[in-house]
Amino acid sequence: MGLGNSSFDKLNAEYGEIRRENERLFDERLEKVYTSFPELRKYDEELTMAELDLAFAKVRGTDPSSLQAKRDELSEKRKKLISDNGIDPGYRERIYTCPKCRDTGFIEREDGPAEKCGCFKKRESEILLEESGMAGILEKNNFSVMRTDMMDEETKAHFLKAADICRSFIASFDTDYRNILFCGTVGTGKSFLSACIASELLASYHSVVYMSAKTLFDNLAEAQFAKGDAAGAAAIRDRIYSCDLLIIDDLGTEMTNSFVGTELFTIINERFNARKSVIISTNLELPLLRDRYSDRIFSRITGSYDVLKMCGPDLRSAI
Ligand SMILES: [Zn+2]
């Protein structure tokens, strides 16, 4: 969890590569236009000089009117050349894969530190998924591979209703704050539907952290008790608390102790206060959830989560 230093450096190097490639494409495009229209190169060079002369004239306080007239005349000639020949007027515009952050990965803010761009968070999530070994799970678990033909009618109707709720969760993700608790026995499609949501939201530039409860709490324990790696521990917590969607899979399969209980409540509560969505899946029945954790966790979940009870036989071979 949390991008380690080497992954972070790798991601920054990736952005450097994107900038260099776009710079190369820009130069190539410009050279092509100039080769086809050599007068355009001449006008552009002369215009640059004319602008410089004007700037100097202003600094020196001399009359700029003749320089302005020269600049305007050049500008008109250039405009005519562009329109007469159908040249793309944006030929000198820089090329960016992500115009929002200009391929830096960060967006400057006037009132605080630079903010990670959506494209950066998405890559960060992808790298985290790759590192967590779950990328393969998402590839095989998404709406495009959803099959219901092996289900009996009742299970199918129930499953499709749950899938509809998941789709509406995705569709309203940016406007409505919602959480989901999937409960039900093994193989009823809980993890499948969680993965479908993760897959769709990642595709629409949201940061998603998808972890089994065991991995989540193991990571948090490591961050809490590991000595000396304060930055790594902060990165882990930051990812869990700041991602757009946190998916905790298989709650109840981890070793439960007071550390887990406290951490689970803090995650659920902090994310609730920040209106950041959580999806939890569990094999535990609701009363068992209360018994295993605490009343405050139980009431927070039942009070602010859509509870989807999944049912039917083990469907893992069908979906
Ligand atoms: Zn960006």
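Two residues are in contact, in the sense I will use today, if their C-beta atoms, placed from the backbone, lie within 7 Å. With that in mind, please look at the structure above, and remember throughout that it is a predicted model.

Let me start with a pair of helices, α6, which covers residues 153-171, and α7, which covers residues 190-203. Their axes lie 10 Å apart, and the two helices pack at an angle of about 25 degrees. Because angles under 35 degrees count as roughly parallel, α6 is described as roughly parallel to α7. The crossing of these two helices is right-handed.

Which residues of α6 and α7 meet? On the α6 side they are Ala 162, Ala 163, Cys 166, Phe 169 and Ile 170, and on the α7 side they are Leu 193, Cys 196, Ile 197, Glu 200 and Leu 201. If we sort the residues of this contact by character, nine are nonpolar, none is polar and one is charged.

Now let us turn to the strands, beginning with β1, residues 106-109, and β2, residues 112-116, which run antiparallel and are joined by three bridges. A hairpin of two residues leads from β1 to β2, and one bridge that you can look for pairs Arg 109 with Gly 112 in β2.

Elsewhere in the model there is an open sheet of five strands, with parallel pairing, whose order is β4-β5-β6-β3-β7. At its edges stand β4, residues 208-212, and β7, residues 306-309, each of which pairs on one side only. From one strand to the next, the twist of this sheet averages 10 degrees. As an example of the pairing inside the sheet, take β3, residues 180-183, and β6, residues 277-282, which are parallel partners over four bridges. Within this pair, Leu 181 has Ile 280 in β6 as its bridge partner.

I would like to finish with a single residue, Lys 122, which sits in helix α4, the stretch of residues 118-132. Is Lys 122 buried or exposed? A residue is called buried if 20 or more other C-beta atoms lie within 10 Å of its own, and Lys 122 counts as buried because it has 21 such neighbours inside 10 Å. For a sense of where this lysine lies relative to another part of the chain, consider Asn 269, which is 147 residues away from Lys 122 along the chain, and whose C-alpha atom is separated from that of Lys 122 by 25 Å.

Notes
Residues are numbered from 1 along each chain as its sequence is written. This is a predicted model: local features need pLDDT of at least 70, side-chain atom pairs count only at pLDDT 80 or more; totals for chains, interfaces and linings use all residues. Axes are lines fitted to C-alpha atoms, for helices over the stretch in contact, and angles run from 0 to 180 degrees between N-to-C directions. Angles under 35 degrees count as roughly parallel, over 145 as roughly antiparallel, 65 to 115 as roughly perpendicular and the rest as oblique. A crossing is left-handed if the near helix is turned anticlockwise from the far one by less than a right angle, and right-handed if clockwise. Ala, Val, Leu, Ile, Met, Phe, Trp, Tyr, Cys and Pro count as nonpolar, Asp, Glu, Lys and Arg as charged, and the others, Gly among them, as polar. Two strands pair if DSSP finds at least two bridges between them. A residue is buried if 20 or more other C-beta atoms lie within 10 Å of its own, exposed if 12 or fewer, and partly exposed in between; C-beta atoms are placed from the backbone.
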